[in-house]
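Biologist: I'd love a close look at the charged side chains here. Please start with them and then take me on to whatever lies around them.

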Amino acid sequence: MFKLTAKALACALSLSIAGMAQAADPIVIKFSHVVADHTPKGQGAALFKKLAEERLGDKVKVEVYPNSSLFGDGKEMEALLLGDVQLIAPSLAKFEQYTKQIQVFDLPFLFQDMAAVDRFQLSPEGQALLTSMEDKNITGLAYWHNGLKQLSANKPLREPKDARGMKFRVQASAVLEEQFKAVKANPRKMSFAEVYQGLQTGVVNGAENPYSNIYSQKMHEVQKFITESNHGVLDYMLITNTTFWNGLPADVRSELDKIIVEVTAEVNKQAGALNDGDKQRILDAKTTEIITLTPEQRAEWRAAMKPVWGKFQAEIGADLIKAADAANQ
Ligand code: LMR
């Protein structure tokens, strides 16, 4: 009798020790992304890790996987839904499977500068997009800037007709496909990790990205020209799995929410300078000529690409396009 009780006691004790160990295990947050560390998103992920671990000590452990080392951009969304990662920040061009509305950000020549992008993201319409995918178990936590996109190629692109027949790499976005079709070029969807090689081998001969992505992926080494077109925006939505986020202990979640506000302010403050720095580094590398468009040339690109808005108006919603356009004033 005594023996049994002692055994039961030992068993109960070991179970409760295991339980305690479990309770003390930190919550692991995997943050996967596709860019280099020295980019707006890369720096944001690193700062999030630093602040979360400083402030939540043993409760939270953040693992950052840059450069598509855990999941490439074709797989990261699925991984988030399966619970294999807890935070990702895809570019706004990569949401069309989940909502058509976010396509608004891809419309060419919609935003006159990053201040307008910022105003729209902070507007009630922009903020509503963060929660627009909760029925799909995706919660948007913040917008992070990268910056305006430039066209890169192995030939000078000054007028829309210069792009005719060229093969441009695009993100997985129907709007971006149409944008290049509008100048009679051939868009080709390709994941970010494949772009350098695609350009090097000639599978594609042009691309579009902000300076920070061009420089950090060494794309300038395989592109002789960059046209400073500022024709569209490449920003991110930091997203999480809704079930995961809502299931976090309240104190942990509220601290993480505060940290995200801080990190977002820092990312958005630094992104412009980071892109400017990378533009200068590209100039210093002397591999690539940067072409500045005249106002007339830029107006031609705008006129050629703007009809794309009409093609997506029904999917995106005329009111949303109007709200985004209103952020220019
Ligand atoms: C791209 O695919 O070009 C970008 O979305 C990569 C990124 O995350 O900045």
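**Charged side chains and their surroundings**

Modeller: Happy to! In this predicted model, E178, K181 and K311 are joined to one another in a network of salt bridges. The full count comes to 17 salt bridges, and a few of them deserve a closer look.

Take E208 and K149, whose side chains meet in a salt bridge with N and O 3.3 Å apart. E208 belongs to strand 8 (residues 206–209), while K149 sits in the loop between strand 4 and strand 5 (150–153), so this pair ties together parts that are 59 residues apart in sequence. E208 is buried, and K149 is buried as well.

Helix 10 (residues 250–285) offers a pair within one element: E266 and K269 both lie there, 3 residues apart, or about one turn of the helix. Their salt bridge has its closest N and O atoms 3.8 Å apart. E266 is partly exposed, with a relative accessible area of 29%, whereas K269 reaches 61% and so counts as exposed, the cut-off being over 50%.

Further along in helix 10, R281 and D278 are also 3 residues apart, again about one helical turn. Here the salt bridge is 2.9 Å from N to O. D278 has 0% relative accessibility and counts as buried, while R281 is partly exposed at 34%. R281 has another neighbour too: this arginine lies over the face of Y215, at 5.9 Å from the ring centre. K306 is placed in a similar way, over the face of W309, at 4.4 Å from the ring centre.

Those rings lead us on to the aromatic residues. A search of the whole structure turns up 8 aromatic pairs. One of them is F105 with Y143, a tilted pair with 5.6 Å between the centres and 50° between the planes. This pair links distant parts of the chain, F105 being in the loop between strand 3 (87–88) and helix 4 (114–122) and Y143 in strand 4 (residues 138–148), 38 residues apart. F105 is buried at 1% relative accessibility, and Y143 is buried at 5%. F111 and F120 make a tilted pair as well, at 6.0 Å centre to centre and 35° between the planes. F111 has a relative accessible area of 6%, which means it is buried, since the limit is under 20%; F120, at 1%, is buried too. Together, F105, F111, F120 and Y143 form one aromatic cluster.

Charged side chains also turn up at the ligand. Which residues are closest to it? Of the 13 residues that surround the ligand, the closest are K41, K94, R169, Q171 and Y236. K94 brings a polar side-chain atom to 2.8 Å from an oxygen atom of the ligand. S91 does so at 3.5 Å, and an N or O atom in the side chain of N209 is 3.2 Å from a ligand oxygen. The protein covers 100% of the 270 Å² of accessible area that the ligand has on its own.

One last stop is the backbone. N67 is not a glycine, yet its phi is positive, about 55°, and S68 likewise has a positive phi near 55°. N67 is found in the loop between strand 2 (60–65) and helix 3 (76–82), and S68 lies in the loop between strand 2 and helix 3 too. N67 is partly exposed at 43%, but S68 is buried at 18%.

Terms used:
Residues are numbered from 1 along each chain as its sequence is written. This is a predicted model: local features need pLDDT of at least 70, side-chain atom pairs count only at pLDDT 80 or more; totals for chains, interfaces and linings use all residues. Side-chain values use heavy atoms; hydrogens and water are left out. Rings of Phe, Tyr and Trp (its six-membered ring) pair if their centres lie within 6.5 Å; planes under 30 degrees apart count as stacked, over 60 as edge-to-face and the rest as tilted. Helices (H or I, at least four residues) and strands (E, at least two) are DSSP runs, numbered from the N terminus. Buried means under 20% relative accessible area, exposed over 50%, partly exposed in between (1.4 Å probe, protein chains only). A charge sits over a ring if NZ of Lys or CZ of Arg is within 6 Å of the ring centre and within 35 degrees of the ring normal. A residue is near a molecule or strand if one of its heavy atoms lies within 4 Å of it. A polar contact is a pair of N or O atoms within 3.5 Å; within protein, one must be able to donate a hydrogen and the other to accept it, and residues adjacent in sequence count only if both atoms are side-chain atoms. Accessible areas come from the Shrake-Rupley method with a 1.4 Å probe; for residues, only the protein chains shown count as cover. A salt bridge is a side-chain nitrogen of Lys or Arg within 4 Å of a carboxyl oxygen of Asp or Glu.
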